[in-house]
Amino acid sequence: MDKKAEITARLDALRADYAARLPAEIARLRELVALALVPESQSSALVELAQKLHKLAGSAGSFGFPELGKKAKKLELQVQEWLASSNVDTGMLRVFSVAIAALGGESQSAKNGGYPMPSASASGAASSLIYVLEDDPDVANEVCMTLRHFGHQVEHFATIAAAEAEILRRPPDFMICDIMFSDEGRETPDAIAQLQAQLPSAIPVIFVSTRTDFAAYHAAVRAGAVGYFVKPLDIIRLVDCFENYLDRNRSTPYRVLIIDDDQSLAEHYKLVLGSADIRAEVISDPRDIFTLLNDFHPELILLDINMPGCSGIELAQVIRLNQDWLRVPITYLSSEQDEEKRALAMGRAGDDFLSKPLSDLELITAVSVRAARSRQLSDALDRDSLTGLLKHSRIKEQVDIELSRAQRTGDKLSVVMVDLDHFKQINDSYGHPAGDKVIKAMAHLLRQRLRKMDAVGRYGGEEFVAVLPRCSRAEAQALMEDIRKRFRDISFTVDQKTFHVTLSAGIAAFEPDIERADQLLQEADAALYRAKSDGRNRVCSLRG
C-alpha cells in the first residue's frame, strides 16, 4: 500500500471510530441537560455541557458531519449565555433538550464519500535531469561540465530541433537555453512556449543570451523563465539561481506540533498534514511540551484554546517563558467565536488564529503558509547571507543536538571540517568577488552531495562544518573523497583567466570516549590540520 492509500485508510478508520462514538456522546449530552434541570447539579452540568458541545463543534465537520458541528456551535453559545448570566429559564432548558435530542439525527447523516487527499504542492527531493540547449560549444561544455561536477545528469542539444522531440518524450526537470539559434534562424522562447503548452506541467527554464532588450526578457518569462543571464556567463551565479530554485522544491518537510485534548481530531490533523508531506506530532498533555519542543524542534505550533487543566492561552505563555522558543509562531486553533476571548488569546503569546472546523485543504494551506514564513525567518536569522548555510553558532548547536541523539540511540555520527586550500592567494590574485564565487561553489557542492538529514554550516571565512547523522567514519571518508574530487575539477574563470581550487577536510566520528560536542569539533579540526600539513587536497582522520 502506498503512502497516500495508507493515509486515506487511516483517515477512514478515524472517521468510522468517530461515528461509532457519536451516539454515546449525544446520549451524554442528553443526560447533562436532564441534570441541568435539577438546581443542585445545574451549574456543573452546564459547564460540562458547554465543554462537550465546544469539542463537538470543533471536530464534527472534520469527520464528515458539518451540519452537526454547526448546530453544536449554536447550542454551545446558548449554554455559554446561561453560564454568563446565571439565569436559566426551565422552559427554555426543556426546549433546549429537544434540540439536543435532534443532534442524534445529524449524527446519522455524514457527508458522503471517504477522504480525498488534497493535492500537496511539489515537495521532496527534485531529480536533476537538465537539458542544455546551446549552439556555442565552448559555453555548452563549460555549463555541462560545471553542472555535472555538482552531481546533476546533463544532456546537451546543439539545435532546437534535436531537443524538441526529446523534451516531449522525456521532459527534464530543468532547462538552460540560449535565446537565439542563428543557424536554424529560430528563437528558443517561442519554441519552448509551444512545447510547454503540450506538457502536463511547465518546465522551469534559465535563458542565456547576449541580448538585454525588454522584448527578450518578456519572451523568456512567457516561456517559463526562472532566470535570465547575459553572456559572457558567470557560471557560478547561474548555478546559484538553479540551486536556489531546486532548494525550494527539495526542502525538508515542515515540522508542526499540534496540541489538542481531542486526540481523535488531532490525529486527523496529523494524517491530513502528513498527506501533504508535512511532519506533525501530537500531544494532549501540556506537561509534555518541553520534551516535544526539544526533541522535535517545531516550526509552527497549533494550539487549542479550551483545554482542561491548562488552557491554550496559559500554555502559550508557558512556552514564551523559554527564550529558546520565542521565534516559534503559535497559532490558536479553536471553534471559539467570542471576539473578546479571541482578542485575549491573541494578546497573550499568540501570533495567529484559525477557526474550527477547517477543511483539509484549508488546514494544509494555512499550515504551509505559516510554516514557510517561520522557516524564512529562521533562515534569515540562522543562515549565512553569502552561502545560505548555517551560521557558526547554529552549526555548533547541530553538533550538540546530533551528539546527544547518538549518545541516546547508539547511532553513528560523523563531523567533518572543510577548508579551502590557499584561499588568501585567490583573493589576492583574482579579487574578493572571485573568492566569494569559490565559497558559494563549495556551499553548492556540499548541499548537493549531502543528505536532507545532514547539516552544513559556514564555520569561518573559508571553513565549513558538515554534521552527518547515521554516518560512519568510513562512509564520511568516501563521501568527502567524492566531494574533494568534484570540487578539484570545477573551473573558475575571472577576466578570461581560468583557475582551480582544492579543499582539505578532517573527519571525526562519535566514539564512546567522546562526551561533548566540542571534543568532536576539536578532533575534526586536528584531522584537518593533519590534512593541511600532509600537503593539502586530501581528507584525513585521526582514528580508524
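Q: Which helix gives the largest share of the lining of the largest cavity?
A: In this predicted model, the largest cavity is lined by Glu402, Arg405, Ala406, Thr409, Asp411, Lys412, Leu413, Pro469 and Arg470. The space inside the largest cavity is about 50 Å³. A share of 4 residues, the largest in this lining, comes from helix H15 (residues 392-409).

Q: How many cavities of 30 Å³ or more does the structure hold?
A: The largest cavity contains about 50 Å³ of space. Counting cavities of 30 Å³ or more, the structure holds 2.

Q: Which are the edge strands of the open sheet with mixed pairing?
A: The sheet has 5 strands in the order S14-S15-S13-S18-S19. An edge strand pairs on one side only. That applies to strand S14 (455-458) and strand S19 (539-541).

Q: Which residue in S19 stands opposite Ala505?
A: Strand S18 (residues 503-509) and S19 run parallel and are joined by 3 bridges. Across from Ala505, the residue in S19 is Val539.

Q: What angle does the direction of helix H17 make with that of S13?
A: Helix H17 (residues 432-449) packs on the mixed sheet. Its contacts are with strand S13 (413-420), S14, strand S15 (463-469) and S18. Another helix, H18 (residues 473-488), lies across S13, S15, S18 and S19 and runs at about 170° to S18. For H17 and S13, the angle is about 160°.

Q: By how much are neighbouring strands of the open sheet with parallel pairing turned against each other on average?
A: This sheet has 5 strands, ordered S9-S8-S10-S11-S12. Strand S9 (279-283) and strand S12 (352-355) are its edges. With direction ignored, the average turn between neighbouring strands is 25°.

Q: Which strands of the sheet does H11 touch?
A: Within this sheet, S8 and S10 run parallel and are joined by 4 bridges, and Val256 stands opposite Leu300 in S10. H11 packs on the sheet, with its direction at about 170° to that of S8. The strands touched by H11 are S8, S9 and S10.

Q: Why do the buried residues of H12 line one face of the helix?
A: In helix H12 (residues 312-320), the buried residues are Gly312, Ile313, Leu315, Ala316, Ile319 and Arg320. Viewed down the axis of H12, they line one face because they fall within an arc of 165°.

Q: Which helices do the buried residues of H12 pack against?
A: H12 lies across S8, S10 and S11, at about 170° to S11. Its buried residues pack against strand S8 (255-259), strand S10 (300-303) and strand S11 (330-334). The helices they pack against are H11 (289-296) and H13 (339-347).

Notes
Residues are numbered from 1 along each chain as its sequence is written. This is a predicted model: local features need pLDDT of at least 70, side-chain atom pairs count only at pLDDT 80 or more; totals for chains, interfaces and linings use all residues. Side-chain values use heavy atoms; hydrogens and water are left out. Buried means under 20% relative accessible area, exposed over 50%, partly exposed in between (1.4 Å probe, protein chains only). Helices (H or I, at least four residues) and strands (E, at least two) are DSSP runs, numbered from the N terminus. The arc is that of the directions from the helix axis to the C-beta atoms. Contact means heavy atoms within 4.5 Å. Two strands pair if DSSP finds at least two bridges between them. Axes are lines fitted to C-alpha atoms, for helices over the stretch in contact, and angles run from 0 to 180 degrees between N-to-C directions. On a 1 Å grid over the protein atoms alone, a cavity is a set of points where a 1.4 Å probe fits but cannot get out, and a pocket is an open set with protein on both sides within 12 Å along at least five of seven lines; lining residues have an atom within 4 Å of a point. Grid points are joined across faces, edges and corners, and a volume is the space filled by probe spheres set on the points.
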